[in-house]
Amino acid sequence: MDIVYIRDLKVDTIIGIYDWEREVRQTVSLDLEMAFDIREAARTDNIEHTLNYKAVAKRLIAFIEGSEFLLVETMAEQAADIVRKEFKVSWLRLRLSKPGAVRGARDVGVIIERGSKQSAEA
Ligand SMILES: Nc1nc2c(c(=O)[nH]1)N=C([C@H](O)[C@@H](O)CO)CN2
């Protein structure tokens, strides 16, 4: 199985359960791994034959910038749903982190896997 990925996509947004978090935008970071068979794109050297990571990143930035979730869980689930449905991704792993949200920790957050690797198999 091949993977197209985006690492450390930083986006400013309203996120969090505390009063102060509803007023100040914080930075979240996304790591995204998406199953995609890259062989046709490699053979043709044509962007139309692959999963365009810039298009995925632009869509996620627009979605997250406009959102106001309380929990990282909700943001992660909805972001995964967008990628799966709009970009026809059969399997993905998404890590969503809030850098500096907990004193003493570099970052905190969630990692989710959705979909099946089967349909992305060669
Ligand atoms: N599992 C979670 N735990 C916590 C979350 C969350 O979204 N998911 N959020 C917070 C606060 O908003 C925190 O990020 C502020 O420091 C606490 N725990």
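This report walks through a predicted model of a protein with a ligand, from the overall layout down to single residues.

**The big picture**

Let's start with how sure the predictor is. The mean pLDDT of the protein is 96, and 97% of its residues reach 70 or more. The model as a whole comes with an ipTM of 0.96 and a pTM of 0.95. As a reading rule, coordinates should not be read in detail where pLDDT is low.

The protein has 122 residues, and 20% of them count as buried. Its C-alpha trace spans about 50 × 25 × 25 Å along the principal axes. If you look at contacts between residues with a separation of 6 or more, 61% of them link residues 24 or more positions apart.

What is the chain built from? There are 3 helices and 5 strands. Going from the N terminus, you meet them in the order β-β-α-α-β-α-β-β.

**The sheet**

The 5 strands make one open sheet, ordered β3-β1-β2-β4-β5, with mixed pairing. At its edges sit β3 (68-69) and β5, each of which pairs on one side only. As background, strands of a sheet pair through backbone hydrogen bonds, and they can do so parallel or antiparallel.

Both senses turn up around β1. Strand β1 (residues 3-15) runs antiparallel to strand β2 (residues 26-35), and 9 bridges join them. You can pick out individual partners here: I3 of β1 is bridged to A35 in β2, and Y5 has E33 in β2 as its bridge partner. With β3, on the other hand, β1 pairs in the parallel sense, over 2 bridges. There, I14 stands opposite E68 in β3.

A helix also joins the picture: α2 lies across β1 and β2, and runs at about 15° to β1.

**Two buried residues**

Which residues give a feel for the inside? L51 and M75 are handy examples. L51 is in the loop between α1 and α2. Although it is a loop residue, L51 counts as buried because it has 21 C-beta neighbours inside 10 Å, where 20 are enough. Setting aside neighbours within four places in sequence, L51 is in contact with V4, M34, F36, V56, F87 and V89. Its C-alpha atom is 11 Å from that of I6, a residue 45 positions away along the chain.

M75 belongs to helix α3. M75 is buried too, because 25 C-beta neighbours lie inside 10 Å. Leaving out its neighbours within four places in sequence, M75 is in contact with I15, I64, S67, F69 and L96. The C-alpha atoms of M75 and F63, 12 residues apart along the chain, are 9.4 Å from each other.

**Exposed spots**

Now for the outside. The table lists three exposed residues with their C-beta neighbour counts.

| Residue | Location | Other C-beta atoms within 10 Å |
|---|---|---|
| E113 | strand β5 (residues 107-115) | 12 |
| D45 | loop between α1 (39-44) and α2 (53-65) | 8 |
| K88 | loop between α3 (72-86) and β4 (91-99) | 10 |

Why does E113 count as exposed? E113 has 12 other C-beta atoms within 10 Å, and so it falls in the exposed class, which takes in counts of 12 or fewer. E113 sits in β5, one of the edge strands. The C-alpha atom of E113 is separated by 9.6 Å from that of E77, 36 residues apart along the chain.

D45 and K88 have something else worth a look: their backbone angles. Most residues other than glycine have a negative phi. D45, however, is not a glycine and has a positive phi of about 55°. K88 also has a positive phi, near 55°, and is a residue other than glycine.

**Around the ligand**

Which residues surround the ligand? The list is G16, I17, Y18, E21, L71, V72, E73, K98, A101 and V102. Sorted by class, this shell has 6 nonpolar, 1 polar and 3 charged residues. You can place some of its members on the layout above: V72 and E73 surround the ligand and fall in α3 (72-86), while K98 is also in the shell and belongs to β4 (91-99).

How values were computed. Residues numbered from 1 in each chain as written. Predicted model: local features only at pLDDT ≥ 70, side-chain atom pairs only at ≥ 80, totals over all residues. Near = placed C-beta within 6 Å. Nonpolar A, V, L, I, M, F, W, Y, C, P; charged D, E, K, R; others polar. pLDDT = per-residue confidence, 0-100. Helix = DSSP H or I, 4+ residues; strand = E, 2+ residues; numbered from the N terminus. Pairing = 2+ DSSP bridges. Contact = placed C-beta atoms within 7 Å. Axes fitted to C-alpha atoms, helices over the stretch in contact; angles between N-to-C directions.
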